[in-house]
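Me: I'd like to learn how to read sheets, helices and buried residues in a model like this. Can you walk me through it?

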Amino acid sequence: MFESETDPCTDTELDSATETDTHSPQADAVNSSGSDLSTADRPPGPRGLPLIGSTLSIARDPFSFVESAREYGDIASYRAYGTEFALVFDPHVVETVLVSRSDEFRKGEFETAFGELVAPEGIAFTEGKRWRRQRQLLQSSFTPDHVRAAADEIVAEANAFVDDWDDGERVALRDTMSTYTLRILMRTLFDLPLEDDRATIVRRAANAVNTYASPKRLALGSILPSWLPDRVEREYEDAMTDLETLTTELVETRRSADSTGEDLLSILARAVYPDGSRLSPETVRDQLVTFLFAGHETTATTLAIACWLLADNPQVHAELERELAAVCGDRKPDAGDLASLDYTEAVLREAMRLYPPITGIYREPLTDTALAGFRISSGTTLQLSVYGIHRDDRWWADPEAFCPERWLVDADRPEYAYFPFGGGPRHCLGMRFAMVELQLALASIMRRVEFECVTPTLEPSLGVTLDPGSVETRVRKR
């Protein structure tokens, strides 16, 4: 709703041949499943090394691999981790897979295999009837009223962090924002203070999952024999066992006390399906784990990157200051300000465009199919490249530039040229909560401090989510 035909990053008319969502023969292939599979070719792509394909290239630098794969076209096939992939750079194909033909695709073995280890009953990994039943049960926890009810907690925690900073102090934004978002989640998911000893268990589990699922570790796991000792796996299993024990205890406590709390744990503990059955402690644990990881590092990453980008772009920072002064004045922001914090929202959207916390979404076709004129076999994992599409100069003028103004005007680009929260029936259930938290947190922080860059450039790496690195800045209090 914030886009336009002119892009203020270049202040020139956009090239209609690249910026307009035009109808084309390729779009016909994308929007129809009636292509002749007998004549369709497999997408081109890098061949990689014998046996291991592109595994080492991805482990070495996943972002460079995405850029190099783009040279093969809108769909590039490759092999890695013992799996056949098709890397998608076409927003029309993304819409086809996530929306218009979503019933022809499933999560797929690449993602669900990870889900079996982390949270097999979590809503992010279930399919079919199980997923629909969970979605219906959980979506009532993310209504606008429930989300806005957390606004005061979000603002209070953000101000508490600012209070703890000294003028001139060096702050590692990734760690700081990770602690902040964990505080919010501990309240909204568990109704526990972060200082509680039980929070240590949750924090350890969050860190263990991100380490366990990094591309480098996955690469080693696909090459080395399974009988070799694996310290990371042992630490991960220990952390998840402790988290499961904690969750089981908390569920039993909430049920015995007939809890009426509005935190997600209490809601799940007392939830009853239409047939009268209750969720098992394992299912409750998996839902909490899912939301813990979906809403912890992703939100922390966006906040850390947004603050660093503001430190590195004084003109953008000054414009944000003007908005906060006009909307909030000398008072703290609140839920009533959200509709007026347009530039704050634009800063966050632009941070997620440049550095999307979830860099790819995975699907697998139920049967052999055709996409963009190519044959995609049923065993192929489609990797919808959020990172690649967000930086494609066909849809974004000067795509490497940090330009929040591009969100304040209308632009004629495909809807799925931007999809940090996914899309279609399985779009992120916590999207509304995330945007409220991000806007209020950024507004609360930036009205009281400004940052000076200490880390000169961002060098992100990839775990379960994009990791921006420590991202150090120096705090200057107003």
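Reply: Sure. Let's start with pairing: two strands count as a pair if DSSP finds at least two bridges between them. Keep in mind that this is a predicted model. Here, β5 and strand β7 (residues 360–365) pair in the antiparallel sense over two bridges. One residue to look up is Arg 106, whose bridge partner in β7 is Glu 364.

Me: What is the strand order in the open sheet of five strands?

Reply: Read across the sheet, the order is β3-β4-β10-β7-β5, and the pairing is mixed. The edges are held by β3 (75–80) and β5 (105–106); each has a single partner strand, so one side of each is left without a neighbour in the sheet.

Me: Which strands does helix α6 lie across?

Reply: Helix α6 (residues 109–118) lies across β4 (83–88), β5, β7 and β10 (381–385). Its direction is at about 110 degrees to β7.

Me: And the sheet of three strands, in what order do they come?

Reply: That open sheet runs β6-β14-β11, with antiparallel pairing. Its edge strands, β6 (170–172) and β11, each pair on one side only. On average, neighbouring strands in this sheet are turned by 45 degrees against each other, direction ignored. For a closer look, take β6 and strand β14 (residues 472–477), which are antiparallel and joined by three bridges. Within that pair, Ala 172 stands opposite Glu 472.

Me: On to helices. Why do residues three or four places apart point the same way?

Reply: The general idea is that an α-helix has 3.6 residues a turn, so residues at that spacing point the same way. Now try helix α17 (residues 314–328). It has 15 residues and spans 20 Å from its first C-alpha to its last, close to the 21 Å expected at 1.5 Å a residue. Its buried residues are Val 316, His 317, Leu 320, Glu 323, Leu 324 and Cys 328. Looking down the axis of α17, you find them within an arc of 120 degrees, so they line one face of the helix. The exposed residues Pro 314, Gln 315, Ala 325 and Ala 326 are on the other side of α17.

Me: What do the buried residues of α17 pack against?

Reply: Three helices and a strand, if you go through the list: α16 (297–312), α18 (342–354), α20 (431–446) and β11 (449–453). So β11 turns up twice in our tour, here and as an edge strand of the sheet we just read.

Me: At what angle do α17 and α18 pack?

Reply: About 145 degrees, with the axes 8 Å apart. From α17, the residues involved are Val 316, Glu 319, Leu 320, Glu 323 and Leu 324; they meet Asp 342, Tyr 343, Thr 344 and Val 347 in α18. By class, this contact has five nonpolar, one polar and three charged residues.

Me: What follows α17 in the chain?

Reply: Gly 329, with a positive phi near 60 degrees. While we're on backbone angles, check for positive phi in residues other than glycine. Tyr 81 is one such case, with phi near 55 degrees. You'll find Tyr 81 in the loop between β3 and β4. Ala 372 isn't a glycine either, and its phi is positive at about 55 degrees. The loop that holds Ala 372 is between β8 (369–371) and β9 (374–376).

Me: Is Tyr 81 buried or exposed? And Ala 372, buried or exposed?

Reply: For this you need the cut-off: buried means under 20% relative accessible area, exposed over 50%. Tyr 81 counts as buried because its relative accessibility is 18%. Ala 372 has a relative accessible area of 10%, so it is buried.

Me: Which residues does Thr 247 contact beyond its neighbours within four places in sequence?

Reply: Leaving those neighbours aside, Thr 247 touches Val 284, Arg 285 and Leu 288. Thr 247 lies in helix α13 (residues 231–256), and at 1% relative accessibility it counts as buried. You can do the same with Thr 176, found in helix α10 (residues 173–190). Its relative accessible area is 13%, so Thr 176 is buried. Outside the neighbours within four places in sequence, Thr 176 is in contact with Phe 161, Trp 165 and Val 171.

Key:
Residues numbered from 1 in each chain as written. Predicted model: local features only at pLDDT ≥ 70, side-chain atom pairs only at ≥ 80, totals over all residues. Heavy atoms only, no water. Helix = DSSP H or I, 4+ residues; strand = E, 2+ residues; numbered from the N terminus. Expected span 1.5 Å × (residues − 1). Buried < 20%, exposed > 50% of the residue type's maximum accessible area, 1.4 Å probe, protein only. Arc of directions from axis to C-beta. Contact = heavy atoms within 4.5 Å. Axes fitted to C-alpha atoms, helices over the stretch in contact; angles between N-to-C directions. Nonpolar A, V, L, I, M, F, W, Y, C, P; charged D, E, K, R; others polar.
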